[in-house]
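Work through the exercises below with the sequence and the model open. Each task is followed by a solution in steps.

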Amino acid sequence: MSEGRALERLALESLHAAETAAIAAAKLAGRGDKIAADQAAVDAMRTGLNAMEMKGRIVIGEGERDEAPMLYIGEEVGSGQGPEIDIALDPLEGTSLTAKGMANALAVLALAPRGGLLHAPDTYMDKIAVGPGFPEGVIDLDASTKDNVAALAKARGVSPSDITACVLERDRHQHIIDDLRAVGARVMLIPDGDVAGVIAVADPEADPDIYIGRGGAPEGVLGAAALRCLGGQMQCRLHFRTDEERERARRVGVEDLDRKYDLAELASKDCLFIATGVTDGALVAGVHESGGLVSTESLIFSSVTGARRRVQTRTRIDA
């Protein structure tokens, strides 16, 4: 069986793992405890992954082994039989959003054949991304914000004032925001959830044309897996704040700490990407209960077939 076909056969069970994580987290939405919500999502997703017929390995997770009981980097999941699969996940992307009952929290999961996803440590990462349809190299992580906006506007045949950039609302991004506004670009600020921000640049119905900023490295690889399925370009570089973070990168096999990664290096093989809404958001609806049923909405992207699915599931609450 080909790697792509083996990956596709895991789609339904992967969806179930993301759905159960979203449902578990949603029970704690608005209750002010992001740690409990995250742990509930982790426990549910681990149970779902362990029920799958695969030799799974977490390459992007909730930290390293000594930070268990989170799903840690290097943890083996699945039945131990079947295809060898690398997994990137964030059981609750938007812990603070969930705790505050705010929009756009997701349960996120990406799968690829062994060796298909970058082993990135749980540190920060500088990122820039655009959707499909642009000349290769239209963006450059090392170029200025002004130059990237100008290049993108030229490629689209519009002025910089017609470009919309998605940026995480953080103090560290104020210089990016100032530069964007100085060239007349529109700025879409998001409080959390940069996986959703990266996906949005590849959505023809969404507003942003470009995503810029520094966020989590795990979210960077997850965003790259989504773009591998949807098309687009992305460049990233790990950002370290301490020597301990540099050592953490070396432990997961990163040799060049200053390397600039492109999309083909972040997600080098075919991918499945699944995102299930925890709270209502721009991408998908959140978890809702009514009439003894719990409903979820998910996105499933596949680079194997190019399919983009929006799946609505209703399950008995007592199931």
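## Exercise 1: a residue in a short helix

Thr98 lies in helix 4, which covers residues 95-99. The model is a predicted one.

Task: decide whether Thr98 is buried or exposed, and find which residues Thr98 touches beyond four places in sequence.

Solution.
1. The relative accessibility of Thr98 is 0%.
2. The cut-off for a buried residue is under 20%, so Thr98 counts as buried.
3. With residues up to four places away in sequence set aside, Thr98 touches Ala25, Leu28, Ala29, Gly30, Ala37, Leu92, Ala105 and Val278.

## Exercise 2: the annotated binding site

Task: UniProt, in an unreviewed entry, lists Asp90, Glu93 and Glu219 under "binding site". Work out where these residues lie with respect to one another, and describe the surroundings of Asp90 and Glu219.

Solution.
1. The three listed positions span 130 residues in sequence, yet no two of their C-alpha atoms are more than 8.3 Å apart, so they gather at one spot.
2. Asp90, Glu93 and Glu219 are also part of the lining of the largest pocket.
3. Asp90 belongs to strand 3 (residues 84-93), while Glu219 belongs to helix 8 (residues 217-230).
4. Asp90 has a relative accessible area of 8% and is buried. Glu219, at 17%, is buried as well.
5. Neighbours within four places in sequence aside, the contacts of Asp90 are Glu62, Leu106, Ala107, Val108, Glu219 and Leu222.
6. On the same basis, Glu219 is in contact with Asp90, Glu93, Lys127, Asp194 and Val195. Two of the UniProt positions, Asp90 and Glu93, are thus among the contacts of Glu219.

## Exercise 3: the six-stranded sheet

Task: give the strand order of the open sheet of 6 strands, and say which strands stand at the edges.

Solution.
1. The order is 7-6-8-5-9-10, and the pairing is mixed.
2. Strand 7 (186-190) and strand 10 (261-262) each have a single partner strand, so one side of each is left without a neighbour in the sheet; these two stand at the edges.
3. Helix 6 (residues 174-182) packs on the sheet and touches strand 6 (164-168), strand 7 and strand 8 (210-216). The direction of helix 6 makes about 155° with that of strand 7.
4. Strand 5 (residues 124-130) and strand 9 (residues 233-239) run antiparallel and are joined by 7 bridges.
5. One bridge can be checked at the residue level: Val130 has Gln233, in strand 9, as its partner.

Terms used: Residues numbered from 1 in each chain as written. Predicted model: local features only at pLDDT ≥ 70, side-chain atom pairs only at ≥ 80, totals over all residues. Heavy atoms only, no water. Pairing = 2+ DSSP bridges. Helix = DSSP H or I, 4+ residues; strand = E, 2+ residues; numbered from the N terminus. Contact = heavy atoms within 4.5 Å. Axes fitted to C-alpha atoms, helices over the stretch in contact; angles between N-to-C directions. UniProt positions renumbered as here; feature names shortened; annotations may be inferred. 1 Å grid on protein atoms, 1.4 Å probe; cavity = no way out; pocket = protein on both sides within 12 Å on 5 of 7 lines; lining within 4 Å. Buried < 20%, exposed > 50% of the residue type's maximum accessible area, 1.4 Å probe, protein only.
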